[in-house]
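Hi,

Here is the structure I promised to pass on to you. Have a look at it first, and then read on for my notes.

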Amino acid sequence: LIKKYFDVYPMLLLMKELSELIRKNREARGSLDFDIKEMKIEVDEKGRPINVLARDRGIGEMLIEDFMISANECVAETLFNMKYPCCYRVHEEPNKEKLTNLNHLLKAVDLKIDHIDKGVSPKKIQGIMNKVKDTTVGLSVNTMLLRAMAKAKYDSKPLGHFGLASKYYCHFTSPIRRYSDLMTHRVINELIINSNNFDNRYFHYN
């Protein structure tokens, strides 16, 4: 494979290195990584299910994910700084009632989120997940934490993305399947093609 793709091989190694740095930075600021395996169904030659297996994310998939998140953050922050309309993807902090209920459940496994009355940071949630990683209660605790999270939504204001510990976030990387991404692409296209006359289109996009 290295021989076959030798012309891009050095670039792939650099991409892997950069991906690891991006992930390290994201983890340092408290980005959440719910350790819940995605399942895949194995079928026979007639299409009948014969097994259910846990699907592992490969290095390539994680690399793509790291770059996509960075691209989404970069576009959202740029449009915000330029004071142009943007359809932000927001994920707000979980509410106190949900966190209080979660603490009651966590007591059963000798865990607790401290000082929830003062709010909670993604780092605190990630700290709990790190404590239960590779333990028998890991999946249950991760599922409970995930259920306590607020639902992600779209907004015209950058309310932040709690799960990614990101101040500015939008959907930009999948215009073929998400309308929000298509809207972001349209704004960017107008800025590139029609930059001197964008004020006339501002009202429409806003």
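Below is what I found in it, starting with the whole chain and ending with a few single residues.

**The chain as a whole**

Please keep in mind that this is a predicted model. The protein chain has 206 residues, and 31% of them are buried. It contains seven helices and four strands, which follow one another from the N terminus as α-β-β-α-β-α-α-α-β-α-α. If you need rough dimensions for a box, the C-alpha trace spans about 60 × 55 × 40 Å along its principal axes. The exposed surface of the chain comes to about 14000 Å², with 56% of it supplied by carbon and sulfur atoms. As for contacts between residues at least 6 apart in sequence, 63% of these join residues at least 24 apart.

**The pockets**

I expect you will want to go here early on. The largest pocket holds about 1600 Å³ of space. Its lining counts 44 residues, and the ones nearest the centre are Leu-32, Asp-33, Phe-34, Arg-57 and Glu-65. Four helices give two or more residues each to this lining: H1 (9-29), H2 (59-81), H4 and H5. Helix H2 gives the most, with eight residues. Sorted by class, the lining of the largest pocket has 17 charged, 16 nonpolar and 11 polar residues.

The second largest pocket has a volume of about 290 Å³. It is lined by 17 residues, with Pro-85, Cys-86, Cys-87, Ser-156 and Asn-206 closest to its centre. Helices H6 (179-193) and H7 (199-205) each supply at least two residues of that lining, and H6 has the largest share, with three residues. Here the classes are 11 nonpolar, three polar and three charged residues.

**Helix H5 and its neighbours**

Helix H5 covers residues 138-148, and its buried residues are Gly-138, Val-141, Asn-142, Leu-145 and Ala-148. They lie on the same side of H5, because they cover an arc of only 125° around the axis. Which exposed residues sit on the face of H5 turned away from that buried side? They are Leu-139 and Arg-147. The cover over the buried residues of H5 includes helix H3 (96-106) and helix H4 (122-132).

Leu-102, in helix H3, is a good place to look at this packing. It counts as buried because its relative accessibility is 3%, under the 20% cut-off. Leaving out residues up to four places away in sequence, Leu-102 touches Ile-113, Met-144, Leu-145 and Ala-148. Two of these contacts, Leu-145 and Ala-148, are among the buried residues of H5 named above. If you would like a distance to check in your viewer, the C-alpha atoms of Leu-102 and Glu-92 are separated by 17 Å, with the two residues 10 apart along the chain.

**A buried asparagine in H2**

Helix H2, which you met at the largest pocket, also contains Asn-72. Is Asn-72 buried or exposed? It counts as buried, because its relative accessibility is 2% and the cut-off is 20%. Beyond residues up to four places away in sequence, Asn-72 touches Tyr-169, Cys-170, His-171, Phe-172 and Thr-173.

**Two positive phi angles**

Most residues other than glycine have a negative phi, so here are two residues you may want to look at before setting anything up. Lys-83 is not a glycine, yet it has a positive phi of about 60°. It is found in the loop between H2 and strand E3 (88-90), and with a relative accessible area of 66% it is exposed.

Which loop holds Asp-110? Asp-110 is in the loop between H3 and H4. Its phi is also positive, near 55°, in a residue other than glycine. With a relative accessible area of 74%, Asp-110 is exposed.

That is everything from my side for now. Happy to talk it through whenever suits you.

Best wishes

Conventions:
Residues are numbered from 1 along each chain as its sequence is written. This is a predicted model: local features need pLDDT of at least 70, side-chain atom pairs count only at pLDDT 80 or more; totals for chains, interfaces and linings use all residues. Side-chain values use heavy atoms; hydrogens and water are left out. Buried means under 20% relative accessible area, exposed over 50%, partly exposed in between (1.4 Å probe, protein chains only). The arc is that of the directions from the helix axis to the C-beta atoms. Contact means heavy atoms within 4.5 Å. On a 1 Å grid over the protein atoms alone, a cavity is a set of points where a 1.4 Å probe fits but cannot get out, and a pocket is an open set with protein on both sides within 12 Å along at least five of seven lines; lining residues have an atom within 4 Å of a point. Grid points are joined across faces, edges and corners, and a volume is the space filled by probe spheres set on the points. Ala, Val, Leu, Ile, Met, Phe, Trp, Tyr, Cys and Pro count as nonpolar, Asp, Glu, Lys and Arg as charged, and the others, Gly among them, as polar. Accessible areas come from the Shrake-Rupley method with a 1.4 Å probe; for residues, only the protein chains shown count as cover.
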